[in-house]
Number of protein chains: 2
Amino acid sequence: MAGSGSGTPCASCKLLRRRCTSECVFAPYFPAEEAQRFAMVHRVFGASNVSKMLLDVPPPQRPDAVSSLVYEANARMRDPVYGCVAAISFLQQQVSQLQMQLALANAETAALQLQLQQQHQDQDEHHQQQCILENAAAHHQLMLQEAFLKKESMWT
Amino acid sequence: MAGSGSGTPCASCKLLRRRCTSECVFAPYFPAEEAQRFAMVHRVFGASNVSKMLLDVPPPQRPDAVSSLVYEANARMRDPVYGCVAAISFLQQQVSQLQMQLALANAETAALQLQLQQQHQDQDEHHQQQCILENAAAHHQLMLQEAFLKKESMWT
């Protein structure tokens, strides 16, 4: 009986030309129609190592383990020198750049907040001075009017 | 002759119990004293696959290829389910968070700049109105003084 349950051997057993039993560790993750997916993992890690790695992981986590192995194998095929370490390197650079941009943006925000606060204070001080001047002017005008009326009343 | 040139077989040939020749592809990268480093790569990728992968890469790039394979193997040993894909996943999340924080910081900066600009305009308008009022008050006071002097001169 084929482990993939479809009557045909799984992608792994097909490639390795062996009988696919119900105990086949690959069958649930590499069905016959996904021959390329298994071939890639086999080329990078080797079927024997993949089998050992899968058996070391509890069954509920095996789909994730297979996905990550396929991802790594795919990256290694695309980039034989750096594999998926290229993605790590790129992402680390992106994180550094973003952290720098964020620090600059935060510094700009802080500077603007300070500028705004300073302007509020200046405006308050200006308003207070204006009030003092206005009061003094009004007082002066009042005195002048009083003097005028006094003079006027003296002659009328 | 040992490929590592030190008279002792390289870490790979020692582990695989074979004669280390001058053509040994592993010898330059896995000296005898780094047995653990080779054992890890062998366990994850298999010596045969590592050998094939190294031979597929031009010699000047082989040290980088070895480093990335060691990094991946190390990550897989620490995390049998996700391997170094865990680092990619973590970094991708970090990039997303930083991009969100940066967008927020930029929006805050833009809002503060607008607020500051608005305050400048308000201040200018207030200053203009103040000038008009001050001129009017000064004019009124002048008229009053003139009237006072006129009255005074009429009686003196």
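Buried area is the accessible area that two parts lose on being put together, summed over both. In this predicted model, the area buried between chain B and chain A comes to about 5200 Å². Carbon and sulfur atoms give 63% of that area. The contact draws on 55 residues from chain B and 55 residues from chain A.

The two chains can be compared by superposition. A turn of 180°, with a shift of 0.0 Å along the axis, lays chain B on chain A with an RMSD of 0.1 Å. The two copies are thus related as by a two-fold rotation axis. Within chain B, the C-alpha nearest this axis belongs to F45(B), at 2.1 Å from it. The same surface serves both copies, since 100% of the contact residues of chain B recur in chain A.

A good place to look next is helix α4. In chain B, this helix covers residues 62-78, which makes 17 residues. From its first C-alpha to its last it reaches 24 Å, close to the 24 Å expected at 1.5 Å a residue. Its buried residues are R62(B), A65(B), V66(B), S68(B), L69(B), V70(B), E72(B), A73(B), A75(B) and R76(B). The list thus includes the charged residues E72(B) and R76(B), and both take part in pairs that cross to chain A.

Side chains of opposite charge can pair when their charged atoms come close. Over all chains, the count comes to four salt bridges, and between chain B and chain A it is two. In one of these, R76(B) pairs with E72(A), the closest N and O atoms being 2.6 Å apart. This pair runs from helix α4 of chain B to helix α4 (residues 62-78) of chain A. Both R76(B) and E72(A) are buried. E72(B) likewise forms a salt bridge with R76(A), with 2.6 Å between the closest N and O atoms, and this pair also goes from helix α4 of chain B to helix α4 of chain A. E72(B) counts as buried because its relative accessibility is 1%, under the 20% limit. R76(A), at 3% relative accessibility, counts as buried too.

A further salt bridge joins the side chains of E34(B) and R37(B), at 3.0 Å from N to O. Here the partners are partly exposed: E34(B) has a relative accessible area of 29%, and R37(B) has a relative accessibility of 25%.

Turning to the start of the chains, S12(A) lies in helix α1 of chain A and is buried, with a relative accessible area of 0%. Leaving aside residues up to four places away in sequence, S12(A) touches R18(A), F26(A), F30(A) and F38(A). By contrast, S12(A) and H140(A) stand 103 Å apart, C-alpha to C-alpha, with their positions 128 residues apart in sequence.

R17(A) sits in the loop between α1 (11-15) and α2 (35-45) of chain A. Its phi is near 50°, a positive value in a residue other than glycine. At 79% relative accessibility, R17(A) counts as exposed. In chain B, R17(B) is found in the loop between α1 (11-15) and α2 (35-45), has a phi near 50°, and counts as exposed at 78% relative accessibility.

Finally, an unreviewed UniProt entry annotates residues 88-115 of chain A as a "coiled-coil region". In the model, the chain over these residues is 100% helix and 0% strand, and the end C-alpha atoms are 40 Å apart.

How values were computed: Residues numbered from 1 in each chain as written. Chains lettered and ligands numbered in written order. Predicted model: local features only at pLDDT ≥ 70, side-chain atom pairs only at ≥ 80, totals over all residues. Heavy atoms only, no water. Helix = DSSP H or I, 4+ residues; strand = E, 2+ residues; numbered from the N terminus. Expected span 1.5 Å × (residues − 1). Buried < 20%, exposed > 50% of the residue type's maximum accessible area, 1.4 Å probe, protein only. UniProt positions renumbered as here; feature names shortened; annotations may be inferred. Least-squares fit on C-alpha atoms with pLDDT ≥ 70 in both. Contact = heavy atoms within 4.5 Å. Buried area = accessible area lost by both parts, 1.4 Å probe.
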